[in-house]
Amino acid sequence: MFSRILIANRGEIALRVIRACRELGIESVCVYSEADRGAPYLELADEAICIGPGPARESYLNISRIIAAAEVANVDAIHPGYGFLSERAEFAAVCRDCKIEFIGPSPEAMAKLGDKVACKRAAKEAGVPIFPGSEGAVEAEDEAVEIAAKIGYPVIIKAAAGGGGRGMRVCHNEAALRSNLRNASQEAQNAFGNGAVFIEKFLEHARHIEVQVLGDKHGHAVHLFERDCSMQRRHQKVIEEGPAPGLDHRKRDKVCDSAARLIQHAEYSGAATVEFLMDAQQNFYMLEVNTRVQVEHPVTELITGVDIVKEMIKVAAGQPLPFKQSDIRLNGHAIECRINAEDPDRNFMPSPGTITRFEPPGGPGVRMDTHVVTGYTVPPNYDSMIGKLLVHAPTRAEAIERMSRALREFRVEPIKTTIGLHRRLMENSSFREGGIDIHFLERLLK
Ligand code: ADP
């Protein structure tokens with residue numbers, strides 16, 4: 001097992017990894033930018049090293065500074081968390097060259113599943129259902145028009161290297177497709193350094209269902225069931241829950257097994273999420289694979305009892321997964337609300353600043369993952385999530401009541417947060433009935 005791990009991230013996920021290390025008897029080394037200097041979670045690490053100024057490009061995204069810190073601190077492994085460098089195959093390769101274990105997949109497996117076009121190819125080989133669309137990246141306008149005519153409008157243009165909901169364009173006819181294609185590729189080039197785009201059928205009224213999977217270095221892979229992440233704003237998740245409400249159990253087994261098959265086929269080790277869209281008849285189409293731990297991983301931890309972050313560390317150290325598929329059982333229902341420092345009344349404008357009162361909820365079945373304490377200043381440099389509130393209960397209805405109760409206890413002053421919006425959503429009758437799809441929130445906020 002490792003004796004020292006460097007955490008190449010910040011905020012709540014850095015704290016989550018520090019906690020896993022502590023429980024495994026591993027020392028943790030946290031890096032931080034000047035904007036995060038004095039953040040309270042840094043005191044919980046065994047060592048903290050400043051790696052540069054606030055802008056992520058000069059700190060959390062700076063590979064040479066992170067590797068220098070890892071060498072100075074003499075760590076055996078690096079946990080990348082989510083975002084930042086977590087899905088850069090190049091970073092995983094640099095770690096390998098420096099003889100530091102990257103806690104995640106090999107650069108090869110990451111490249112195979114992390115690129116949306118390559119991933120579709122792998123999914124096809126593994127017999128996982130994918131969207132009708134272009135086989136690979138589309139080069140010429142006429143080629144795209146031909147494919148769109150075959151699969152039918154609306155279609156969506158996506159960047160092969162895309163992420164975070166960026167670089168996607170929905171086109172309802174040929175004229176829109178032609179005029180958007182070049183811009184989309186240019187935008188992808190600017191945002192991701194890769195201009196490759198592809199097109200696929202755009203599914204209306206879909207639900208976003210994703211399967212959590214874990215693989216080890218001995219060729220084993222298991223799934224930990226699914227989450228429903230249909231509650232989104234601008235393609236960004238707002239509420240996640242598991243298991244997916246109303247999902248037929250045969251369909252569940254089918255989609256979860258296909259996800260495990262895909263990562264086994266890719267010889268993938270570590271945690272991954274296979275994302276799907278599901279139509280009204282509960283047919284599934286794979287969207288993409290996220291080759292890292294997800295923000296919403298605690299939903300799965302609550303309903304399966306598996307500590308995903310600890311398992312990631314153990315499999316990176318070469319240990320085999322300690323369970324078989326048949327050992328994994330679903331227990332109850334979990335919901336996560338992302339608490340963002342944003343003002344829902346002003347178009348979700350970020351609301352950074354010093355928090356003078358922070359009183360998170362507690363009581364039965366409540367889990368709060370946050371790095372925030374009273375007196376903490378939310379820096380303006382990074383994303384606005386200040387924590388994740390989760391509940392676990394025997395049924396979905398009870399979980400919703402529990403979440404309502406917990407949100408009511410939650411006090412954050414004076415910055416604006418999404419707590420009030422979540423309270424409203426928990427009261428919403430369609431949400432309570434499970435009648436959700438990926439446009440639910442947009443319709444409600446209109
Ligand atoms: P990203 O990597 O940028 O997060 P994804 O491919 O995961 O992009 O898609 C994010 C969200 O965009 C999905 O959850 C869904 O709401 C919407 N979306 C993506 N592809 C389609 C599609 N073919 N049809 C309908 N909605 C889609």
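Reader: What is the order of the open sheet of eight strands, and what makes two strands count as a pair?

Author: The eight strands follow one another as β13-β12-β9-β10-β11-β14-β21-β19, with antiparallel pairing, and two strands pair if DSSP finds at least two bridges between them. Strands are DSSP runs (E, at least two residues), as helices are (H or I, at least four), numbered from the N terminus. This is a predicted model, in which local features need pLDDT of at least 70 and side-chain atom pairs count only at pLDDT 80 or more, whereas totals for chains, interfaces and linings use all residues. Residues are numbered from 1 along each chain as its sequence is written, and side-chain values use heavy atoms, with hydrogens and water left out.

Reader: How do you know that β12 and β13 are paired?

Author: Six bridges join these antiparallel strands, and the rule asks for at least two, so β12 and β13 count as a pair. Within this pairing, Leu277 stands opposite Tyr285 of β13.

Reader: Which strands are called the edges of the eight-stranded sheet, and what is its average twist?

Author: β13 and β19 (366-369) are the edge strands, each pairing on one side only. From one strand to the next the twist averages 25°, where axes are lines fitted to C-alpha atoms (for helices over the stretch in contact) and angles run from 0 to 180 degrees between N-to-C directions.

Reader: Why is one side of β7 and of β8 left without a neighbour in the sheet of three strands?

Author: That open sheet has the order β7-β6-β8 with antiparallel pairing, and β7 (169-171) and β8 stand at its edges with a single partner strand each, so one side of each has no neighbour in the sheet. Neighbouring strands here are turned by 30° against each other on average, direction ignored. Five bridges join β6 to β8, which run antiparallel, and Lys158 stands opposite Phe198 in β8.

Reader: Which residues come nearest to the ligand, and what makes a residue count as near?

Author: A residue is near a molecule or strand if one of its heavy atoms lies within 4 Å of it; of the 22 residues around the ligand, Lys116, Gly165, Lys201, His208 and Glu288 come nearest. At least two shell residues come from each of β6 (155-159), β8 (197-201), β12 (270-278) and β13 (284-290).

Reader: How do you know that Glu288 makes a polar contact with the ligand?

Author: A polar contact is a pair of N or O atoms within 3.5 Å (within protein, one must be able to donate a hydrogen and the other to accept it, and residues adjacent in sequence count only if both atoms are side-chain atoms). An N or O atom in the side chain of Glu288 is 2.6 Å from an oxygen atom of the ligand, so this pair qualifies. A polar side-chain atom of His235 lies 3.1 Å from a ligand oxygen atom, and a backbone N or O atom of Lys201 is 2.8 Å from a ligand nitrogen atom. The protein covers 95% of the 550 Å² of accessible area that the ligand has on its own (Shrake-Rupley method, 1.4 Å probe; for residues, only the protein chains shown count as cover).

Reader: Why is the ligand said to lie between domain 2 and domain 3?

Author: Domain 2 (130-201) and domain 3 (207-445) both give residues to the shell, so the ligand lies between them; the bounds come from an automatic or database domain assignment.
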